[in-house]
Structure formats: structure tokens, C-alpha cells
Amino acid sequence: MLMHNLVIAWKSLKRNRILSSLIVTGIALGIALSTTFATIRHSFAKDPIPEKSNVLYNVRLDSWDPLKPYPARVPGEPPTQITYRDAMEIMKSSIPLRQSAMYKTNLYVHPDPKVGKPFKEQIRACFADFFPMFNVPFKYGSGWDKKGDVGPEAVVVLNEEMNEKLFGGANSVGKTVRIEDKDFRVVGVLGPWFPSIKFYDLTQNQLQPPEKLFIPFNHLVPMNLRTGGNSDGWGPSPNLPGIAGLLGSETCWLQMWVELPKKSDLSAYQDFLKAYAMEQKKIGRFPRPVNNRVSSVKEWMDLAGVVPAQANALVVVSLLFLAVCALNLVGLLLGKFLARAAEIGVRRALGASRLDIFLQHVVECELIGVLGGVLGISLSLLTLAYMNNWMKTLVNRTDFFKLDAEMVVMAVGLSLAAGLVAGLYPAWRTCKLAPAIHLKVQ
């Protein structure tokens with residue numbers, strides 16, 4: 001029966017192609033707009049590491065000024081990062097399965113003179129747990145081990161792009177890269193790794209690609225490394241020269257992440273942080289009320305405002321536009337259906353019930369919705385391609401806005417809903433007309 005109704009609906013659409021095209025285009029415009037803006041929002045909001053986001057936690061401590069709270073985006077929240085002294089102390093905990101303090105720094109990389117001139121590159125300094133904690137894939141080799149952290153050993157992990165630039169894409173494990181005035185041995189080359197959002201460091205541009213080089217965190221002191229990211233501080237710094245002054249200050253500049261596989265681990269870790277904060281109060285630090293935060297990936301993204309408020313507003317506006325498009329098509333569909341009154345009268349006289357007539361017209365409306373959806377999705381793909389090209393100029397990536405399976409299902413669902421909204425009343429009105437009148441006209 002469905003196939004029969006589809007055949008009738010298709011013939012009806014071809015009978016008046018201009019009117020049918022107008023109706024399909026109306027649905028398509030609404031679908032294109034709503035799908036595009038929903039995809040934009042989804043690209044920001046989707047889980048960047050769904051396989052582990054429920055066990056990864058961002059850690060923050062409130063060591064801020066007693067005279068005024070930290071100027072957080074969400075009032076009452078502690079600083080977005082932590083101090084060096086706090087990071088080193090809480091990393092002594094054995095509760096997390098994995099943990100890493102981290103920061104980014106800008107250093108000069110010296111390739112082989114035959115390859116090119118020295119260039120400045122953003123490098124992430126982290127601990128060995130960074131790679132397994134965030135499921136970072138490797139093409140060659142692996143990350144360094146705990147001994148590499150303690151040394152610290154002069155080892156480096158490259159991403160594919162940097163490996164291509166320095167070594168032509170060959171397996172470079174065991175080869176040497178000179179960073180500043182120090183030679184680093186390559187221990188691993190990453191495979192393709194490009195989280196939708198740079199969730200592990202949201203302090204600056206969240207759409208930036210991951211760093212291209214990774215070195216052990218503890219090169220901080222011997223190489224006198226400075227952060228290339230944000231830093232917030234208050235109060236006088238210790239009267240110490242060089243990097244020692246930063247390390248002993250109340251400047252918050254490190255991101256801290258832990259992996260806690262069990263809920264009991266989370267509770268125990270929160271108790272550990274509370275005890276640590278109370279100990280710091282005894283020595284004159286943490287003058288504000290205890291305000292520790294252990295936030296999941298999604299919670300941290302929400303607190304950091306990863307999804308722009310404009311994206312939410314545009315989704316609402318686009319859905320309202322789609323609803324207006326569907327409602328404006330009611331009159332066109334009503335006129336289109338009533339123009340076939342004589343044909344419908346004959347079908348009723350031959351035994352078709354009102355329900356048969358109603359379902360036939362609903363099928364036609366849904367066919368219109370599907371055709372409009374296909375056209376709308378195509379228009380949305382073109383728009384998203386243009387936006388990705390624009391993104392390339394901003395953050396050097398062309399794959400941020402993706403029309404994935406979830407968005408396609410949503411678009412198809414909206415298409416069917418729009419077709420039903422536009423055609424439900426015309427279909428009902430058509431099936432309610434008395435067949436005797438139609439036969440008289442015939």
C-alpha cells in the first residue's frame with residue numbers, strides 16, 4: 001500500500017512541476033538553514049573523546065586573592081589553571097590511574113640545514129601519562145616512560161606533520177631533533193589525531209590543532225622554559241631570580257588532568273584535594289574558602305563556554321524559520337490537493353475510505369519533505385564546505401564543521417516533520433470533502 005501511495009504521490013508531483021518545485025524549495029531552504037546551524041553548534045558541543053570522557057577530569061584549586069574572587073566566566077568558579085607548586089604536590093597522589101600537569105611553550109626547532117632554517121614552534125610539555133590518558137594514537141614508536149619524566153630525558157614525540165617536515169615522513173624513531181640548544185631523541189611519531197575541540201587546554205583558542213611536538217614536563221627548570229599560554233596571578237612574587245620566581249609564585253598557568261576510572265576514585269580524589277587545601281591553609285595559603293573543582297570533560301567544556309551563545313540562538317532561529325516555511329506551504333498544498341477533487345471523488349466512489357485518501361496525501365507530503373530534505377542537506381554541505389575553507393585561514397583546519405550521521409538523521413527527521421506540518425491540514429481537509437460533490441463536477 002505504501003508503494004502504491006508513493007507512486008501516486010510521485011505522479012502528482014510531476015503533474016504540476018512548477019508548484020511542486022516551489023513547495024520542495026520552501027522545505028529545502030528551511031532544512032538547509034536549520035541543518036547548517038545545528039551542525040555548527042554540534043561541532044562545538046560534541047564529545048571530543050567519547051570513549052573516555054566519563055573518566056577524565058580537569059582539576060582546579062582556588063588559591064586566589066582573599067580580597068576578591070577570581071574573575072571567572074561563571075561566578076564562583078576557581079582559576080582555570082593551577083600553580084606549579086600545587087601541581088607538583090597533588091601529582092604525588094596515587095589515586096588517579098593516570099595524571100599530567102601540562103603547558104605549552106614556544107621554542108626554536110633547528111632542522112637539518114638541508115631541510116630548512118630554524119623556526120619557532122609551539123610545543124607541549126607534559127608527563128608520560130598524557131598519551132595513554134587521552135588515547136593519543138602512534139604511527140611509529142610510543143611516548144616516553146616514567147623514567148623520561150624523572151630525568152628528564154631529552155626525548156620528543158612528533159606529530160605526522162612535523163615528522164614529514166623534518167624527516168620526510170619516514171620512521172624517525174631514534175633520530176635527533178635540536179630544540180633550542182639541546183638535542184632531543186625522537187621516541188614516537190603520532191598517527192592522525194585531531195580532537196574536535198582542544199579540550200585538554202581551553203585557555204586560548206579551543207579550535208587550534210594539537211601541538212606538533214611534545215617533550216617531558218620537567219625540562220621546565222633546566223631549559224628555563226616559559227609558558228606560551230595564559231597565566232593569571234596575584235600578590236607579590238618570591239624574590240627569586242629567573243624561573244624560580246615563577247615556580248614559587250601564586251601564578252596559575254598549568255592545566256591539570258587526571259584519569260579516575262571508578263566513582264570511588266573520584267570521591268577519594270576529591271577528599272584528597274580537600275585535605276591538601278586544608279594543609280595549605282595552615283601555612284598561610286588558600287585564603288579563600290575551599291573551592292576545589294574536579295570537572296568531567298563535558299562539564300569543563302560547559303564551564304569554559306565552548307559552545308558560543310550565538311550558536312544556540314541561531315539554532316532556535318533556524319528552527320523557527322523552518323516552522324514558518326512549513327506553515328507558509330499549507331495554503332499551497334491545500335490548493336494543490338483540492339485541485340484534484342474530481343479524481344479523489346472517483347476514488348471514494350470506487351471504495352477508497354477517508355483514511356485511504358488521508359494517508360495517500362500524507363505520503364505525498366512526506367515525499368515532498370524528503371525531497372526538500374535531500375536538497376536542503378546538499379545546500380548545507382556546500383555552506384559547511386565554505387565555512388571550513390574559511391576556518392582554514394583562522395586555525396589551519398578544514399574539517400571542523402562535519403555533517404555526521406547524527407546530523408543527517410536529525411535533518412531527515414526535520415524534513416519529515418516539516419512535510420507533516422505543512423501537509424497535515426490540507427490532507428485532512430481533502431479527505432473530509434463529500435464524494436458526491438466531486439462526482440457531480442466530474
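Here a visitor and a guide talk through a predicted model of a protein chain.

Visitor: What makes up the chain in terms of helices and strands?

Guide: The chain holds 15 helices and 10 strands.

Visitor: How do you know whether the chain is as compact as a globule or not?

Guide: We compare two values. A compact globule of 442 residues would have a radius of gyration near 22 Å, but this chain has 30 Å. The C-alpha atoms fill a box of roughly 100 × 60 × 35 Å along the principal axes.

Visitor: Why is Cys252 called buried or exposed?

Guide: The relative accessibility of Cys252 is 1%. Buried means under 20%, so Cys252 counts as buried.

Visitor: And what makes Cys365 buried or exposed?

Guide: Cys365 has a relative accessibility of 2%. The cut-off for buried is under 20%, and therefore Cys365 counts as buried too. Across the chain, buried residues make up 50% of the 442 residues.

Visitor: How many disulfides are there?

Guide: A disulfide is a covalent bond between the sulfur atoms of two cysteines. To count as one here, a pair of cysteine sulfur atoms must lie within 2.5 Å. A search of the whole structure finds zero disulfides.

Visitor: What is notable about the phi of Asn135?

Guide: Most residues other than glycine have a negative phi. Asn135 is not a glycine, yet its phi is positive, near 55°. You can find Asn135 in the loop between α4 (130-133) and β4 (138-141).

Visitor: Why is Asn135 called buried, partly exposed or exposed?

Guide: Partly exposed lies between the cut-offs of 20% and 50%. Asn135 has 34% relative accessibility, so Asn135 counts as partly exposed.

Visitor: What about the phi of Asn224?

Guide: Asn224 also has a positive phi, about 50°, although it is not a glycine. Asn224 sits in the loop between β8 (213-216) and α7 (243-247). With 42% relative accessibility, set against the range from 20% to 50%, Asn224 counts as partly exposed.

Visitor: Which form, cis or trans, does the peptide bond from Gly151 to Pro152 take?

Guide: That bond is cis, with omega near -10°. Most peptide bonds are trans. Look for Pro152 in the loop between α5 (146-150) and β5 (155-158).

Visitor: How many positive and negative side chains does the chain have?

Guide: There are 49 positive and 36 negative side chains, and the centres of the two sets lie 9 Å apart.

Definitions and conventions:
Residues are numbered from 1 along each chain as its sequence is written. This is a predicted model: local features need pLDDT of at least 70, side-chain atom pairs count only at pLDDT 80 or more; totals for chains, interfaces and linings use all residues. Side-chain values use heavy atoms; hydrogens and water are left out. Helices (H or I, at least four residues) and strands (E, at least two) are DSSP runs, numbered from the N terminus. The radius of gyration is taken over C-alpha atoms; the globule rule is 2.2 Å times the number of residues to the power 0.38. Buried means under 20% relative accessible area, exposed over 50%, partly exposed in between (1.4 Å probe, protein chains only). Lys and Arg count as positive and Asp and Glu as negative; His and the chain ends are not counted. The place of a charge is taken as NZ of Lys, CZ of Arg, CG of Asp or CD of Glu.
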